[in-house]
Amino acid sequence: MAGGTEAFPDLGKHCQFSGCHQLDFLPFKCQACHKVFCVEHRSCKSHECPEPEHNSRKVIICEICSTSIEITGKEDQEKKILEKHEKSGNCDPRKKKKPTCPVKRCKETLTFSNRTICKTCRLEVCLKHRFPADHACKQASSSTTPAAVARGSWNEKFLVAFGLRNGKDCGKSGRPSSSTTPSLKAY
């Protein structure tokens, strides 16, 4: 079957999956069987490729020790590889312990999507305890000390510096003050 349209006969290719034969202007070539397919049939599974996925990689997680194991090739090898991993002696259930929230009576597991670091005390907590009042932040009460202000945000530093001025005009200390406003010249 030739691709393209009457006006452009060399443009695009027809899907080689039986029963589809859709004209695709951006066809996919299977790396295993070297046939051309449309977007719906581009994966080896969807077009029932007779060749194994020779470049495919998959990572499986051991349920006992949470170790990730990379496999290549067919899916029926997963069980064999997991059994081999369990018998190898590297599969230790004690490795499975995941970090939990350090707040008292909180058993929330800290994952990449539900953890945050407190900006005040630098403690890693779950999202339920992200505010200083929720996790008994140790430095929340001492945030006005100069050491805490030095670590704090710019507005806290500004407020402390502003409070230390005691009414002094901080912007004009080295310049003589003039009572008149500067004149503007128009050219």
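In the predicted model, strand β6, which spans residues 68–72, has two unlike faces: Ile69 and Ile71 lie on the covered face, while Ser68, Glu70 and Thr72 lie on the uncovered one. Strand β6 pairs with strand β5 (residues 57–61) in the antiparallel sense, and 5 bridges join the two. One end of this pairing can be placed by residue, as Ile61 has Ser68 of β6 as its bridge partner. Ser68 thus appears both on the uncovered face of β6 and as the partner of Ile61. Between the two strands of the hairpin there are 6 residues, and Ser66 takes a positive phi near 60°.

The nonpolar interior was examined next. The largest nonpolar core consists of 9 residues, namely Cys15, Phe17, Cys30, Ala32, Cys33, Phe37, Cys38, Cys44 and Cys49. A second core, separate from this one, has 6 residues, among them Cys101, Val103, Cys106 and Leu110. In soluble globular proteins, nonpolar side chains tend to be buried together. Within the largest core, Cys15 was considered individually. With neighbours within four places in sequence left aside, Cys15 is in contact with Cys20, His21, Gln22, Val36, Phe37, Cys38 and His41. Of these contacts, Phe37 and Cys38 are also listed in the largest core.

Residues of the second core also occur in the surroundings of His129. This histidine is located in the loop between β8 (124–126) and α2 (146–151). His129 counts as buried because its relative accessibility is 15%, and the cut-off for a buried residue is under 20%. Apart from neighbours within four places in sequence, the contacts of His129 are Cys101, Val103, Cys106, Asp134 and His135. Cys101, Val103 and Cys106 are among the residues of the second core.

Exposed positions were also found. Pro50 is in the loop between β4 (36–37) and β5. With a relative accessible area of 70%, Pro50 is exposed, since the term applies over 50%. Pro50 is 17 residues from Cys33 in sequence, and the C-alpha to C-alpha distance between them is 7.3 Å. Cys33 itself is a residue of the largest nonpolar core.

Nonpolar side chains are present on the surface as well. Phe8, Leu11, Phe25 and Leu26 form a nonpolar patch there, and together they have about 450 Å² of accessible area. Phe8 belongs to the segment before β1 (13–14). The relative accessibility of Phe8 is 52%, so this residue counts as exposed.

Conventions: Residues numbered from 1 in each chain as written. Predicted model: local features only at pLDDT ≥ 70, side-chain atom pairs only at ≥ 80, totals over all residues. Heavy atoms only, no water. Buried < 20%, exposed > 50% of the residue type's maximum accessible area, 1.4 Å probe, protein only. Helix = DSSP H or I, 4+ residues; strand = E, 2+ residues; numbered from the N terminus. Pairing = 2+ DSSP bridges. Contact = heavy atoms within 4.5 Å. Core = buried A, V, L, I, M, F, W, Y, C linked by side-chain atoms within 4.5 Å. Patch = residues over 30% accessible without salt bridge, like charges linked within 9 Å, V, L, I, M, F, W, Y side chains within 5 Å. Areas by Shrake-Rupley, 256 points an atom, 1.4 Å probe, with all protein chains shown as cover. Salt bridge = Lys/Arg side-chain N within 4 Å of Asp/Glu carboxyl O.
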